[in-house]
Amino acid sequence: MTAGKIDPNGPLKGKVALVTGASRGIGEAIAVRLAMAGARVVCTARTAEDGESRLPGTLTDTIRRITDAGGQATFIKADLSRAEDRERLVAEAVAIWGPIDILINNAAVTFFIPVESFPKRRFDLMMEVQVWAPLHLSQLVLPAMRAKKSGAIVSISSGAAIHPVKPYTTARAGGAIYGMCKAAIERFSTGLAAEVYADNISVNAISPGLVATPGVAVHGLITEATKHRVSPVEHIAEAVYQLVSRDPHEITGRIDHATAFLDEFGVTASSLA
Ligand code: NAP
């Protein structure tokens with residue numbers, strides 16, 4: 001499958017976007033949508049080629065999908081749980097296309113395990129990839145954004161950030177740590193939005209709803225009971241594109257569902273194929 005219509009002179013022409021977790025799922029869709037709007041997209045994840053992961057999707061597939069349609073994309077392999085990989089990632093991306101204008105913190109590793117038996121090493125890995133990596137990547141890209149007085153950061157959150165309420169019939173067992181990570185990324189986003197507002201940099205977070213991705217399949221999250229809630233991946237990709245395209249002084253420090261952003265902006269999602 002190739003990307004949808006690429007507009008090389010689109011609203012993101014001249015912008016460099018870094019999308020984490022772009023080997024599959026939501027990150028792949030975001031990379032495609034930003035490239036369709038003319039951005040040069042640096043895709044990152046651990047899986048470059050078939051056979052490197054038990055899950056479908058590779059960075060090679062994602063960038064081929066974009067470049068075959070006439071867009072601009074490249075990939076850099078990185079394990080976001082490693083500080084040295086994060087530093088190398090940003091350094092290499094800047095060497096290829098210049099400073100990052102748009103950072104999308106999408107990658108996540110998730111374990112659904114009840115609190116009582118949650119292993120410390122898995123907690124540390126989730127916090128490193130889902131919370132510290134977005135913060136560290138922001139530290140690495142913000143100096144150039146501040147110098148340009150322009151930039152956009154979007155992090156992918158989840159409805160899991162919202163506190164469960166009684167009668168607790170629908171709360172997924174084992175979701176407390178995932179919810180902690182996503183609550184942290186939301187508070188980080190609103191706090192950072194305030195810190196960088198004066199330099200014309202937007203920081204927002206999006207909750208996708210339930211989207212059919214390889215990660216969701218592994219966790220068996222789509223069931224008879226939840227299938228009516230599944231949203232197309234195009235919605236989240238469009239919401240990200242809309243957020244990074246808007247005036248940072250008007251839209252920043254926001255957290256909402258992808259579909260709520262689309263309704264607010266009065267737009268429908270573009271096809272990604
Ligand atoms: P997915 O299918 O599991 O994809 C996760 C991505 O993260 C992959 O590209 C994976 O690439 C990358 N990743 C994982 N660990 C990494 C590491 N250590 N270093 C670098 N990259 C790593 O997930 P998804 O469903 O698309 O979800 C994307 C985001 O949306 C996540 O933040 C998730 O929490 C959030 N979300 C999803 C849903 C949903 O319904 N799908 C709902 C709410 C929130 P490699 O394995 O190749 O490294």
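**Figure 1. Alanine 161 sits in the loop between β5 and α5.** The model shown here is predicted. Alanine 161 has a relative accessible area of 14%. Buried means under 20%, so this residue counts as buried. What does alanine 161 touch, leaving aside its neighbours within four places in sequence? Its contacts are Gly179, Lys182, Ala183 and Glu186. Leucine 59 lies elsewhere: 28 Å separates the two C-alpha atoms. Along the sequence, alanine 161 and leucine 59 are 102 residues apart.

**Figure 2. A cis peptide bond joins lysine 166 to proline 167.** The omega angle of this bond is near 15°. Where is proline 167 found? Proline 167 belongs to the loop between β5 and α5. Alanine 161, the subject of Figure 1, also lies between β5 and α5. Strand β5 covers residues 151-156, and helix α5 covers residues 176-196.

**Figure 3. Phenylalanine 112 and tyrosine 178 form an edge-to-face aromatic pair.** The structure holds 2 aromatic pairs, and this view shows one of them. The ring centres are 5.6 Å apart. The ring planes make an angle of 75°. Planes over 60 degrees apart count as edge-to-face, which is why this pair earns the label. Which parts of the chain does the pair tie together? Phenylalanine 112 comes from the loop between β4 (102-105) and α4 (120-148). Tyrosine 178 comes from helix α5. These parts are 66 residues apart in sequence, so the pair ties together separate stretches of the chain. Both phenylalanine 112 and tyrosine 178 are buried.

**Figure 4. Phenylalanine 261 and phenylalanine 265 form a stacked aromatic pair.** Here the centres lie 5.9 Å apart. The planes differ by 20°. Planes under 30 degrees apart count as stacked, so this pair fits that class. Phenylalanine 261 and phenylalanine 265 belong to helix α8, which runs over residues 258-265. How far apart are they along that helix? They are 4 residues apart, a separation of about one helical turn. An α-helix has 3.6 residues a turn, so residues three or four places apart point the same way. Phenylalanine 261 is buried, as is phenylalanine 265.

**Figure 5. Helix α2 packs its buried residues against α1, β2 and β3.** The helix spans residues 59-68. Which residues of α2 are buried? They are Leu59, Thr60, Thr62, Ile63, Arg65 and Ile66. Their packing partners are one helix and two strands: α1 (25-36), β2 (40-45) and β3 (72-77). Glycine 70 comes just after α2. Its phi is positive, at about 100°.

**Figure 6. Lysine 149 has a positive phi, though it is not a glycine.** The angle is near 55°. Lysine 149 occupies the loop between α4 and β5. Is lysine 149 buried or partly exposed? Its relative accessible area is 47%, so lysine 149 is partly exposed.

**Figure 7. Asparagine 200 is another residue other than glycine with a positive phi.** Its phi is near 65°. Asparagine 200 lies in the loop between α5 and β6, the strand of residues 201-207. With a relative accessible area of 24%, asparagine 200 is partly exposed.

**Figure 8. Aspartate 247 lies in the loop between α7 and β9.** Helix α7 covers residues 233-245, and strand β9 covers residues 255-257. Aspartate 247 has a relative accessibility of 36%, so it counts as partly exposed. How far is aspartate 247 from methionine 36, C-alpha to C-alpha? The separation is 20 Å. Along the chain, these two residues are 211 residues apart.

**Figure 9. The whole chain puts the close-ups in context.** The chain contains 8 helices and 9 strands. Its C-alpha trace spans about 50 × 40 × 40 Å along the principal axes. The chain has 273 residues and a radius of gyration of 17 Å. A compact globule with that many residues would have a value near 19 Å, so the chain agrees with this expectation. Of the 273 residues, 51% count as buried. Consider contacts between residues at least 6 apart in sequence: 73% of them join residues at least 24 apart. The accessible surface is about 12400 Å², and 54% of that belongs to carbon and sulfur atoms. There are 28 positive and 27 negative side chains. The centres of these two sets lie 2 Å apart.

Terms used. Residues are numbered from 1 along each chain as its sequence is written. This is a predicted model: local features need pLDDT of at least 70, side-chain atom pairs count only at pLDDT 80 or more; totals for chains, interfaces and linings use all residues. Side-chain values use heavy atoms; hydrogens and water are left out. The radius of gyration is taken over C-alpha atoms; the globule rule is 2.2 Å times the number of residues to the power 0.38. Buried means under 20% relative accessible area, exposed over 50%, partly exposed in between (1.4 Å probe, protein chains only). Contact means heavy atoms within 4.5 Å. Accessible areas come from the Shrake-Rupley method with a 1.4 Å probe; for residues, only the protein chains shown count as cover. Lys and Arg count as positive and Asp and Glu as negative; His and the chain ends are not counted. The place of a charge is taken as NZ of Lys, CZ of Arg, CG of Asp or CD of Glu. Rings of Phe, Tyr and Trp (its six-membered ring) pair if their centres lie within 6.5 Å; planes under 30 degrees apart count as stacked, over 60 as edge-to-face and the rest as tilted.
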